[in-house]
Amino acid sequence: MKRGGRRLYLLFVIELIHHPIGRAFTPPRNSPERCRSNNDSRSQIQHDLTANAITTKRRGRPRRRTALNAFLHLVEPTNRPLLDYAPAAASLFNNMKLPASVVTAGMISLGFATRFPELPPDSLEKVYPAEVRARCDKFERLHIVIGLASITSMLVVVLWAAVEVNQLTERPFEPALSVWDLIHRDCDLAWSAVNSHYMLGIMGFTAMLWLRAYVLLLSVRASNFLMSAASTGTAAALCLMVSIVNRGVQQGGGTADDRYGDTILDLFWHYGTLLLQAGLDGENPGPLQVSAIGLEVASLAFLLAVLLNESDLDFENEPDEDACPVDLFELIGDEEEMSKLSAKELQRLTTCLSLEDDGMSAPNGVGKEEKRKREESDNGCQAAVAE
């Protein structure tokens, strides 16, 4: 009885839709609009009856959902009420600003307030190869750069989110269908920027943690299995973070149109495109925004050059051009070589001589103070032997 009553109800509704009473307020019969409307509605119903003929199982028996899907498609509401979603959008920006502030404080403490760990000096129990020490020195320099980039990225999140919250609170916004509709219409650049910079800062923070953990594990003579466990665990956490963001980008506002794309790369591309468009806007150009893009590209180019040129061990063994020369006293005694030096090089030589006179260790030998201590120690040993 229930199945028969449902079929009769659906047939009645479909018949009512095509009944003359339902066409009382439609255009005249022979008008082009009426013909197009009839053709479109009939073709739409035929398409739904064909495309939605899906066989499903319910209570162990298959049934075909055809007329029901067509009816639900016809009566689906398309007009949603327009509401003020500015407070909800401000709450979303606050949700990004607060954790970004907390993470920024942690990165400042980790990256600059505390010194990067160092390997202990060589001993009888453990001698570190030169390659390992050179690698740790590279990681220390890389840690500084990653920390600086991550902190500045998080500061962009905090600043942009704070400004956008103020805008959403201070001035009125037109009603929207949803929070995503309001953000996509009036805050698209700010929202994509906040999410992009927040994710970049989180990934940089994770890289900083791994660099410090790697050197710390080396300093405590951890086994290769333990270091591999730490590295793979950090990589797993990073992959999970990217996957979470990818899922969020895919869902977006809930529909295929209300989203930035499918992956985090689509989010970054959307942000970069909007930032460039805002900077090149003819009515309200942003030269600083274009400058930020250019400087960031230059920064990445310099970083790539460093990775390509400073990736071998020979770079670590190259003498620093600002260091005191090994043949300091020989150079001072050569008047011809002294005449070829510039003012900057002469100033550096003067500093090296003052350091040598003060008893500090110089690259060409041991300082006077250390020599004096060694001589006293040798004399004491000789006196003890004589007695």
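In this predicted model, arginine 185 pairs with aspartate 186 in a salt bridge whose closest N and O atoms lie 3.0 Å apart. Arginine 185 is partly exposed, with a relative accessible area of 34%, and aspartate 186 also counts as partly exposed, at 32%. Side chains of opposite charge can pair when their charged atoms come close. The structure holds three salt bridges, and the other two are described next.

One of them joins the side chains of glutamate 118 and arginine 115, with an N to O distance of 2.7 Å. Arginine 115 counts as exposed because its relative accessibility is 60%, where the cut-off for that class is over 50%. Glutamate 118, at 47%, counts as partly exposed. In a further salt bridge, arginine 133 meets aspartate 122, and the closest N and O atoms are 2.9 Å apart. This pair links distant parts of the chain, with arginine 133 in helix α5 and aspartate 122 in the loop between α4 and α5, eleven residues apart. Arginine 133 is partly exposed at 25% relative accessible area, as is aspartate 122 at 42%.

Attention now turns to the interior. The largest nonpolar core has 47 residues, and those that touch the most other members are Phe93, Met107, Leu119, Leu168, Trp191 and Leu218. Two or more residues of this core come from each of α4 (86-113), α5, α6 (179-186), α7, α8 and α9 (264-279). Helix α7 gives the most, with twelve residues. A second, separate core is made of five residues, including Leu189, Tyr271, Leu274 and Leu275.

The surroundings of leucine 168 help to picture the larger core. Apart from its neighbours within four places in sequence, leucine 168 is in contact with Ala86, Ala89, Ala90, Phe93, Phe173 and Cys187. Phe93 also appears among the contacts of alanine 190, which touches Trp160 and Glu164 as well, again leaving out residues up to four places away in sequence. Alanine 190 sits in helix α7, which spans residues 188-219. With a relative accessible area of 4%, alanine 190 is buried, since the limit for this class is under 20%. The C-alpha atoms of alanine 190 and leucine 274 are 9.5 Å apart in space, although 84 residues separate the two in sequence. Leucine 274 is itself one of the residues of the second core.

Helix α5 offers a useful contrast between covered and accessible positions. Serine 150 belongs to this helix, which runs over residues 130-170. Serine 150 is buried, with a relative accessible area of 4%. The serine 150 side chain reaches the backbone oxygen of isoleucine 146 at 2.8 Å. Not counting residues up to four places away in sequence, serine 150 touches Met107, Leu200, Gly201, Gly204 and Phe205. Met107 is also among the core residues that touch the most other members. Leucine 155 is likewise found in α5, but this leucine counts as partly exposed, at 46% relative accessibility. The C-alpha atom of leucine 155 lies 7.7 Å from that of alanine 100, with the two positions 55 residues apart along the chain.

Nonpolar side chains also occur at the surface. A nonpolar patch is formed there by Phe112, Ile144, Val145, Leu148, Leu300, Leu303 and Leu307, with about 640 Å² of accessible area together. Both α5 and α10 (287-309) supply at least two residues each to this patch. Leucine 307 has its place in helix α10 and counts as exposed, at 52% relative accessibility.

Finally, the backbone at arginine 221 deserves a look. Arginine 221 has a positive phi of about 60°, although this residue is not a glycine. Arginine 221 is placed in the loop between α7 and α8 (224-251). This arginine is exposed, with a relative accessible area of 53%.

Conventions:
Residues numbered from 1 in each chain as written. Predicted model: local features only at pLDDT ≥ 70, side-chain atom pairs only at ≥ 80, totals over all residues. Heavy atoms only, no water. Helix = DSSP H or I, 4+ residues; strand = E, 2+ residues; numbered from the N terminus. Buried < 20%, exposed > 50% of the residue type's maximum accessible area, 1.4 Å probe, protein only. Polar contact = N/O pair within 3.5 Å; in protein donor to acceptor, adjacent residues only side chain to side chain. Contact = heavy atoms within 4.5 Å. Patch = residues over 30% accessible without salt bridge, like charges linked within 9 Å, V, L, I, M, F, W, Y side chains within 5 Å. Areas by Shrake-Rupley, 256 points an atom, 1.4 Å probe, with all protein chains shown as cover. Salt bridge = Lys/Arg side-chain N within 4 Å of Asp/Glu carboxyl O. Core = buried A, V, L, I, M, F, W, Y, C linked by side-chain atoms within 4.5 Å.
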